[in-house]
Amino acid sequence: MADVDVVVVGAGFAGLYMLHKLRQLGFSARVFEVGDGVGGTWYWNRYPGARCDTESMEYSYGFDDDLQQEWHWTERYATQPEIERYANHVADRYGLRDGITFNTRVTAATFDEADHTWRVQTDTGEDVTATYVVFATGCLSSANMPDIEGIDTFEGLEVHTGRYPKEGVDYSGKRVAVIGTGSSAIQSIPIIAEQCADLTVFQRTANYAVPAWNQPLAPDDVADIKEHYGEFRAANRTMAAGFGSRLPEGTGKAVAECTPDEIRAELDKRWAYGGLGFLGGFIDVLLTPSANEVVADYVRQKIRETVKDPKVAELLSPEQVIGCKRLCVDTGYYATFNNEHVHLVDIKETPIERITPAGVLTSEREYAVDIIVFATGFDAMTGALLSIDIKGRDGVSLQDAWHAGPRTYLGLGVKGFPNMFTITGPGSPSVLTNMMVSIQQHVDWIGDCLTYLRDHHVTTIEAEQEAQDAWVDYVNTIAAFTLFPTCNSWYLGANVPGKTRVFMPLLGYPPYEEKCNDVAAKNYEGFALTPA
């Protein structure tokens, strides 16, 4: 007899809603969370300037109209503190804290074939059995600390943006190094530069950033959305990324079908609006290299217009396809490099050789600093899962099952791991969408599935090999039609040395939701169900 029906790992937005849903459906559940508070990504990523790149009126739960009516977002793009407050509000509003064990890391989860239960073990010595286990561990939760020689010898302060200290960091009067130029760096560098005496940014690959134009939310706009929130949510679910139904309409044309003046006007309009919708003006930007280059060169020209030093501007101008890495949304990033105390080091040209007690040593010189900020991202999509010793049938570990890259069915189930679910796992749209939309869809699907299993007296559910293989092929086929796999991005795991290169998320939210609904309607087609 299992201790609980379901163990949920993680108390971010996925884990919180999963716990709430399970209680609504009459399942007993326990949630384990390594942090001492809720919020997941928004608990850990509290670096200066951290804010969401999906607009706040969309980056929220839609399962309860009372919740979405009573909560008041203050800015177009919510900051980390505001999103963390929202997560805490949700936890308190629905009385979820008593179901969460904080400061506890799940170290192992083992499927017992004899009694069809999962044994979940933690670093605090807890040993819990459950009929089902749901991993709500997040796509961007396993911080990627670079393997640089001497990293433990530095005598100053070292911080990682993905594990930023709650008490913050005082940069005033300090010499600071930031290693990395991804999203967290692009958000934090302008603010760190305002506070510190000297800032050196170590860049391996330049990234594209478009302006956020963040501002307080207009009361009339908020009132209009809240009056039609249901329609607004439904419209967003028809969008490829699960958000953006209120964005300016695109041309509906390919770049080659437009005149230079039409192209410029469309890009100017989208630049002035700001945000991730910048790439949505033409239908072929992520499909055709020539079309992509037109849009990419527009951004490069904006960088050259902003950055005064031509050499620095060229270093900051990306060469790769725009959009094949996560497009960044910034506030004053490029202009920051016009400050005399801000320096850019190209570590492709002069690689970092090691960290010294005094700072950072490249092949050219040593940079003496007081603080090193590692803005080096995450072991995305799979890192948090594979850090747990998960064993399924015949004692096979998830690490071994995924040795050639992650393989799932719908991003929800894995062959050989019965009664195990992943929320926004590899093979689902996840990081290519508004995560709140994908999270809610996954939790609702899992909740309906567990109810079906209970009502039909099913002992185990497990992805079938043929269905899983076909799904992996489908995900890769869709990606191959696009330019996404053309550069070394964390979508492919390319930022983690030794990680197998596989394009992990699925492109296109609406057909994915339709597929999941179809699978459920056909009594969970593609899953093997074992009757009691």
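# Exercises on cavities and a buried charge

By class, 8 nonpolar, 3 polar and 1 charged residues make up the lining of the largest cavity. Here Ala, Val, Leu, Ile, Met, Phe, Trp, Tyr, Cys and Pro count as nonpolar, Asp, Glu, Lys and Arg as charged, and the others, Gly among them, as polar.

Before you start: this is a predicted model, where local features need pLDDT of at least 70, side-chain atom pairs count only at pLDDT 80 or more, and totals for chains, interfaces and linings use all residues. Residues are numbered from 1 along each chain as its sequence is written, and side-chain values use heavy atoms, with hydrogens and water left out.

**Exercise 1.** Describe the largest cavity.

*Step 1.* Recall the term: on a 1 Å grid over the protein atoms alone, a cavity is a set of points where a 1.4 Å probe fits but cannot get out, while a pocket is an open set with protein on both sides within 12 Å along at least five of seven lines. Lining residues have an atom within 4 Å of a point.

*Step 2.* Find the volume, meaning the space filled by probe spheres set on the points, with grid points joined across faces, edges and corners. For the largest cavity it is about 80 Å³.

*Step 3.* Look at the lining. It has 12 residues, and Pro-406, Gly-427, Val-472, Val-475 and Met-504 lie nearest the centre.

**Exercise 2.** Describe the second largest cavity.

*Step 1.* Its volume is about 60 Å³.

*Step 2.* Among the residues lining this cavity are Asp-53, Glu-55, Glu-58 and Tyr-77.

*Step 3.* Sorted by class, the lining gives 4 nonpolar, 5 polar and 3 charged residues.

**Exercise 3.** Work out what surrounds the side chain of Glu-33.

*Step 1.* Locate Glu-33 in the loop between strand E2 (29-32) and helix H2 (41-44). Helices (H or I, at least four residues) and strands (E, at least two) are DSSP runs, numbered from the N terminus.

*Step 2.* Check for a salt bridge (a side-chain nitrogen of Lys or Arg within 4 Å of a carboxyl oxygen of Asp or Glu). Glu-33 is buried but has none, and the nearest side chain of opposite charge, Arg-163, is 7.7 Å away. Buried means under 20% relative accessible area, with a 1.4 Å probe and protein chains only.

*Step 3.* Now look at the backbone. A polar atom of the Glu-33 side chain lies 2.8 Å from the backbone nitrogen of Ala-11, and the backbone nitrogen of Gly-35 lies 2.8 Å from a polar atom of that side chain.

Notes
Buried means under 20% relative accessible area, exposed over 50%, partly exposed in between (1.4 Å probe, protein chains only). Lys and Arg count as positive and Asp and Glu as negative; His and the chain ends are not counted. A polar contact is a pair of N or O atoms within 3.5 Å; within protein, one must be able to donate a hydrogen and the other to accept it, and residues adjacent in sequence count only if both atoms are side-chain atoms.
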